[in-house]
Amino acid sequence: MNVTQLSLGDLAGNFLLRRQNAALKQSLTRLTNEVTTGRAQDSVSHLAGRLSTLSALERDLDLIGAHRLAVSEAGVQATSMQAALGQVHDSVAGLAETVGMASLVPGSAGRDSVTVVARQTLGTMLSSLNTQVAGRSLFAGTDIAAQPLQDADTLQEALRASLAGLTTAEDIMSAADAFFDTEGGVFDTDIYQGADTNLAPFVLGGGQTVRLDIRADDPALKSAIKTAAVTSLIEDMAPNLASNEVENLFDAVTGRAIGDQDRLTRLRGELGFAEQRIDIRHVELASMKSNTEQARNDLLSVDMYQSATELESVQQQLETLYTLTARSARLSLVNFLS
């Protein structure tokens with residue numbers, strides 16, 4: 001039986017070949033990565049230990065990332081608020097048109113249709129202003145967990161009690177104004193359930209902030225809710241009113257609805273300006289991110305020609321080492337690379 005004899009020199013040589021193999025494989029992986037990405041895999045060696053500039057760029061990218069997240073959150077808030085206000089505005093416009101057309105229809109038929117539309121409008125408005133995004137109320141001020149407004153039935157019942165027994169359009173509208181507009185009045189205490197403090201401005205970075213602090217008790221929104229609520233109760237109050245007072249009440253709510261549209265347009269315009277600032281900042285931060293990443297890439301970039309040359313050299317050395325190893329140990333390529 002033949003037994004292969006290994007001397008100390010054979011073991012040392014085998015160990016040396018294995019160590020060279022490991023080192024060449026490591027270099028092969030590094031150079032392949034650098035040729036593929038164009039960036040140094042070992043930033044410490046590439047920059048000779050001078051990492052201050054790289055660290056500053058990495059910090060800048062982290063800060064830009066945080067600002068982009070804040071801007072994205074502000075964008076979602078602003079877009080959602082604009083959508084809700086759009087629903088309110090459209091509802092008021094539809095109500096104004098319905099009231100105007102109903103005033104041309106004699107008798108109670110017109111009042112019936114207005115009452116139905118007004119109740120639907122009121123429900124839509126309150127639902128829109130109670131919108132939540134990611135569990136946060138949009139129009140409740142700092143109390144983001146609160147539903148800012150009571151439902152339509154609760155509001156109608158409270159307002160009906162305040163208007164009971166009144167027999168003129170002027171008195172009805174004055175009482176409605178007191179209900180909604182008196183500081184600490186019924187609307188403020190029983191209907192609006194949000195906070196009386198505004199959300200803090202969203203920080204967009206670079207010393208920029210944007211306010212998205214419209215609350216459901218904003219005067220423009222209260223006025224629109226008031227118009228819809230009073231209109232929804234006209235049919236209930238009609239039996240106690242003279243016919244000319246019913247007409248006067250129709251005229252009053254029609255004028256209020258037209259004014260509400262103008263106020264809501266201004267409110268949406270202010271919000272639209274905030275949206276524009278957010279969009280501009282989003283573009284600015286995207287550009288800053290791109291420029292900073294490019295600066296980092298330039299700092300870590302490698303000479304592609306040199307890396308490719310070194311890669312070819314390492315491949316040749318591996319081939320040579322394999323040839324020597326195969327001859328000395330009669331290894332297969334599969335065994336050599338395993």
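**Note on the predicted model: core, helix packing and selected residues**

1. Of the 338 residues in the protein, 38% are buried. The model under review is a predicted one. Its secondary structure comprises 12 helices and four strands. With regard to sequence separation, 75% of the contacts between residues at least 6 apart in sequence join residues at least 24 apart.

2. The largest nonpolar core contains 63 residues. Those with the most contacts inside this core are Leu-129, Phe-139, Leu-149, Leu-155, Leu-212, Ile-225 and Leu-249. Helix H3, which spans residues 52-102, gives the most to the core, contributing 12 residues. As general background, nonpolar side chains in soluble globular proteins tend to be buried together.

3. Leu-249 merits a separate remark, since it is among the core residues with the most contacts. When neighbours within four places in sequence are left aside, Leu-249 is in contact with Ala-169, Ile-172, Met-173, Val-230, Ile-234, Met-237 and Leu-241.

4. The packing of helix H5 (residues 152-163) and helix H8 (residues 219-232) can be stated in geometric terms: the angle is about 70° and the axes are 10 Å apart. H5 is therefore roughly perpendicular to H8, as the range for that class runs from 65 to 115 degrees. On the H5 side the contact involves Leu-155, Gln-156 and Leu-159, which meet Ile-225, Ala-229, Val-230 and Ser-232 in H8. By character, the residues of this contact divide into five nonpolar, two polar and no charged. Two of the participants, Leu-155 in H5 and Ile-225 in H8, are also listed among the residues with the most contacts inside the largest nonpolar core.

5. Which residues form the aromatic cluster? The cluster consists of Phe-179, Phe-180 and Phe-187. A search of the whole structure finds two aromatic pairs. In the pair of Phe-180 and Phe-187, the ring centres are 5.3 Å apart and the planes lie at 35°, so this pair is tilted. The tilted class applies because planes under 30 degrees apart would count as stacked and those over 60 as edge-to-face. Phe-180 is buried, with a relative accessible area of 0%, and Phe-187 likewise counts as buried at 0% relative accessibility.

6. Is Ala-134 buried or exposed? Ala-134 is exposed, with a relative accessible area of 79%. Ala-134 has a positive phi of about 55° although it is not a glycine. Its place is in the loop between strand E1 (132-133) and strand E2 (136-137). A reader checking backbone geometry may wish to look at this residue, given its positive phi.

7. Leu-267 lies in helix H10 (residues 243-300). Its relative accessibility is 7%, so Leu-267 counts as buried, the cut-off being under 20%. Apart from neighbours within four places in sequence, Leu-267 is in contact with Leu-85, Ile-214, Asp-218, Ala-220 and Leu-221. Of these contacts, the one with Ile-214 joins residues 53 apart in sequence, with a C-alpha to C-alpha separation of 8.7 Å.

8. Thr-121 is found in helix H4 (residues 108-129) and is buried, with a relative accessible area of 6%. Setting aside neighbours within four places in sequence, Thr-121 is in contact with Ser-91, Val-92, Leu-95 and Ala-228. Thr-121 and Ser-232 are 111 residues apart in sequence but 8.9 Å apart in space, C-alpha to C-alpha. Ser-232 also belongs to the H8 side of the contact with H5.

Notes. Residues numbered from 1 in each chain as written. Predicted model: local features only at pLDDT ≥ 70, side-chain atom pairs only at ≥ 80, totals over all residues. Heavy atoms only, no water. Core = buried A, V, L, I, M, F, W, Y, C linked by side-chain atoms within 4.5 Å. Buried < 20%, exposed > 50% of the residue type's maximum accessible area, 1.4 Å probe, protein only. Contact = heavy atoms within 4.5 Å. Phe/Tyr/Trp six-rings, centres within 6.5 Å; stacked < 30°, edge-to-face > 60°. Axes fitted to C-alpha atoms, helices over the stretch in contact; angles between N-to-C directions. Parallel < 35°, antiparallel > 145°, perpendicular 65-115°, else oblique. Nonpolar A, V, L, I, M, F, W, Y, C, P; charged D, E, K, R; others polar.
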